[in-house]
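Colleague: I have a model open on my screen and I'd like to learn how to read it. Could you walk me through it, feature by feature?

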Amino acid sequence: LSTAAGSSFSLTGGLTVDSAAVLRATATALDVGGNWSVLGSALLTQSMVTFTGAAGSTITIVAGASFDSLHIAGPALTVRLSTTVTVSSTMTISAGTLDLAGSTVSVRGYWTETGGVVLGATSRVVFDGTTAQTVTELPGGSFGAFVSSNPVGVTIASALTAKAQFEWHRGPLNFAGRALAIGGDMLIKGGTGLSF
């Protein structure tokens, strides 16, 4: 996708990348209004993918869900994850509904909710970055299982709900002054430096 760095590209519908095909976009804002299916590969270096489909619509992320930055922004839009998802940088939810369903999501930057709602279902969200990470969740939102596995540290900056277990694997964990609601076990498998 030949766009000058810092430019944007809008799709009113979805995106499909056939197997053996490659989509490349560097430092581009890519706005997607339909389903995401990458059967080949998508190299989205320093790019942000924003889902802003029509009000009342449901978008499904089907395959090939490796993003640099991911943003859910469509009002009255539902984005459903039905595959393993990796977000190398920031994950932002500003409007609509993010349905994590039964997916495993690996986030390596900040998780920020400023609007909308996140449905945890049976998901597993792993915070495994290499720089300090902060998680901010709005009331009414949830994760399925929450996993802190960052050697540099994870800070929970809001109340947080994990419908299944809450796991601490590596690095410092800070939830000082925050309420945790955990629907299953709290598993401490490693980590050093707890602030609560």
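Modeller: Sure, we'll go from the whole chain down to single residues. This is a predicted model, so to speak: local features need pLDDT of at least 70, side-chain atom pairs count only at pLDDT 80 or more, and totals for chains, interfaces and linings use all residues. Residues are numbered from 1 along each chain as its sequence is written, and side-chain values use heavy atoms, with hydrogens and water left out.

Colleague: How many helices and strands does the chain have?

Modeller: Helices (H or I, at least four residues) and strands (E, at least two) are DSSP runs, numbered from the N terminus. Here there are zero helices and 27 strands.

Colleague: And what is the radius of gyration of the chain?

Modeller: That value is taken over C-alpha atoms, and the globule rule to hold against it is 2.2 Å times the number of residues to the power 0.38. The chain comes out at 17 Å, close to the 16 Å that the rule gives for 196 residues, so it is as compact as a globular protein of that length. Along its principal axes, the C-alpha trace spans about 45 × 35 × 25 Å.

Colleague: What share of the residues counts as buried?

Modeller: Buried means under 20% relative accessible area, exposed over 50%, and partly exposed in between (1.4 Å probe, protein chains only). By that reckoning, 46% of the 196 residues are buried.

Colleague: Which contacts should I look at?

Modeller: A contact means heavy atoms within 4.5 Å. Among contacts with a separation of 6 or more, residues 24 or more positions apart account for 13%.

Colleague: Now the sheet: in what order do the strands of the open sheet run?

Modeller: Two strands pair if DSSP finds at least two bridges between them. In this chain, ten strands form an open sheet with parallel pairing, in the order β1-β4-β7-β10-β13-β16-β19-β21-β24-β27. Its edge strands, β1 (8–11) and β27 (194–195), each pair on one side only.

Colleague: Can you zoom in on β7?

Modeller: Strand β7 (residues 48–51) pairs in the parallel sense with β4 (residues 29–32) over four bridges, and M48 in β7 stands opposite A29. Four bridges also join β7 to β10 (residues 69–72), again parallel, with F51 partnered by I72 in β10.

Colleague: Where do the side chains of β19 point?

Modeller: In a regular strand the side chains alternate between the two faces of the sheet. Strand β19 (residues 133–136) shows this: Q133 and V135 point to one face and are buried, while T134 and T136 point to the other and are not.

Colleague: What does β19 pair with?

Modeller: Two bridges join it in parallel to β16 (residues 111–113), where T112 has T136 of β19 as its bridge partner. With β21 (residues 154–156), β19 pairs in the parallel sense over three bridges; Q133 is matched with V154 in β21.

Colleague: Which residues have a positive phi although they are not glycines?

Modeller: One is A76, with a phi of about 60°. You'll find A76 in the loop between β10 and β11 (78–81), and A76 is exposed, with a relative accessible area of 53%. Another is A121, with a phi of about 45°. A121 sits in the loop between β17 (117–119) and β18 (124–127) and is partly exposed, at a relative accessible area of 38%.
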